[in-house]
Amino acid sequence: MATKIAIEYFDDLDGHPIDAHDVVSVEWSWQGTDYEFDTTTAHLNKIENGRVPMATVLSKSRRVGRHTPRSAPPAPTAGSRGEVSRREIRAWARAHGYEIGDRGRVAADIVKAHHQSVG
């Protein structure tokens with residue numbers, strides 16, 4: 001038995017069928033969220049020339065993820081600033097009689113006591 005699979009493309013902006021040779025997949029980001037949509041070269045030209053409202057483009061796009069803007073520097077880790085890790089503070093606290101959990105924030109008084117103790 002033979003099987004024939006047909007792939008059809010539809011414009012996300014107006015819902016009309018698109019010829020396979022005229023499909024443009026657009027990936028874009030706005031305020032830390034990644035989006036994508038499929039359209040034709042004619043619609044893409046209208047978008048690029050400001051003839052399609054961004055509200056329309058946003059409403060017709062698929063959300064595909066979130067990202068950290070490239071302008072934001074990565075969050076520093078404890079070791080990168082010369083600070084002691086929470087794991088080390090927890091070990092010190094247990095050795096010095098403090099009750100402390102394995103996860104979550106380390107209480108400010110414990111951190112302060114650790115810093116005063118080790119200098």
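Start by selecting Q31, which counts as exposed at 64% relative accessibility. The model on screen is a predicted one. Q31 sits in the loop that links strand 3 to strand 4. Its phi is positive, about 50°, although Q31 is not a glycine. Most residues other than glycine have a negative phi. The turn holding Q31 belongs to a hairpin formed by strand 3 and strand 4, with two residues between the strands.

**The sheet**

Now select strand 3 (23–30), strand 4 (33–40) and strand 5 (62–66). Together they form an open sheet of three strands in the order 3-4-5, with antiparallel pairing. Strands of a sheet pair through backbone hydrogen bonds. Strand 3 and strand 5 are the edge strands, each pairing on one side only. From one strand to the next, the twist averages 25°.

Which residues can be used to trace the pairing of strand 3 with strand 4? Select V23 and its bridge partner in strand 4, T40. Eight bridges join these two antiparallel strands, strand 3 and strand 4.

On the other side, strand 4 and strand 5 run antiparallel and are joined by four bridges. Show D34 with G65, its bridge partner in strand 5. Then add Y35, which stands opposite R63 of strand 5.

**Helix 1 and H43**

Next, select helix 1, residues 41–48. This helix lies across strand 3 and strand 4, and runs at about 130° to strand 4.

Within helix 1, pick H43. Is H43 buried or exposed? Its relative accessible area is 17%, so H43 is buried, the cut-off for that being under 20%. Leaving aside neighbours within four places in sequence, H43 is in contact with D11, L13 and D14.

**The largest nonpolar core**

Keep L13 selected and add V24, V26, W28, Y35, F37, L44, I47, V52 and V57. These 10 residues are the largest nonpolar core. Strand 3, strand 4 and helix 1 are the elements that give two or more residues to this core. Strand 3 gives the most, with three residues.

Centre the view on W28, a member of this core. Not counting residues up to four places away in sequence, what does W28 touch? The list is T33, D34, Y35, E36, F37, M54, V57, L58 and S61. Of these contacts, Y35, F37 and V57 are also in the core.

**A second core, and helices 3 and 4**

A second, separate core has seven residues, including W92, A93, V106 and I110. Select those four, then bring up helix 3 (residues 86–95) and helix 4 (residues 108–118).

The two helices pack at an angle of about 85°, with their axes 10 Å apart. Helix 3 is therefore roughly perpendicular to helix 4, a term that covers angles of 65 to 115 degrees.

To see the contact, select I89, W92 and A93 on helix 3, and I110, V111, A113, H114, S117 and V118 on helix 4. Colour these residues by type: seven are nonpolar, two are polar and none is charged. W92, A93 and I110 appear both in this contact and in the second core, which makes them a convenient place to end the tour.

Note on methods:
Residues numbered from 1 in each chain as written. Predicted model: local features only at pLDDT ≥ 70, side-chain atom pairs only at ≥ 80, totals over all residues. Heavy atoms only, no water. Axes fitted to C-alpha atoms, helices over the stretch in contact; angles between N-to-C directions. Parallel < 35°, antiparallel > 145°, perpendicular 65-115°, else oblique. Contact = heavy atoms within 4.5 Å. Nonpolar A, V, L, I, M, F, W, Y, C, P; charged D, E, K, R; others polar. Buried < 20%, exposed > 50% of the residue type's maximum accessible area, 1.4 Å probe, protein only. Core = buried A, V, L, I, M, F, W, Y, C linked by side-chain atoms within 4.5 Å. Pairing = 2+ DSSP bridges.
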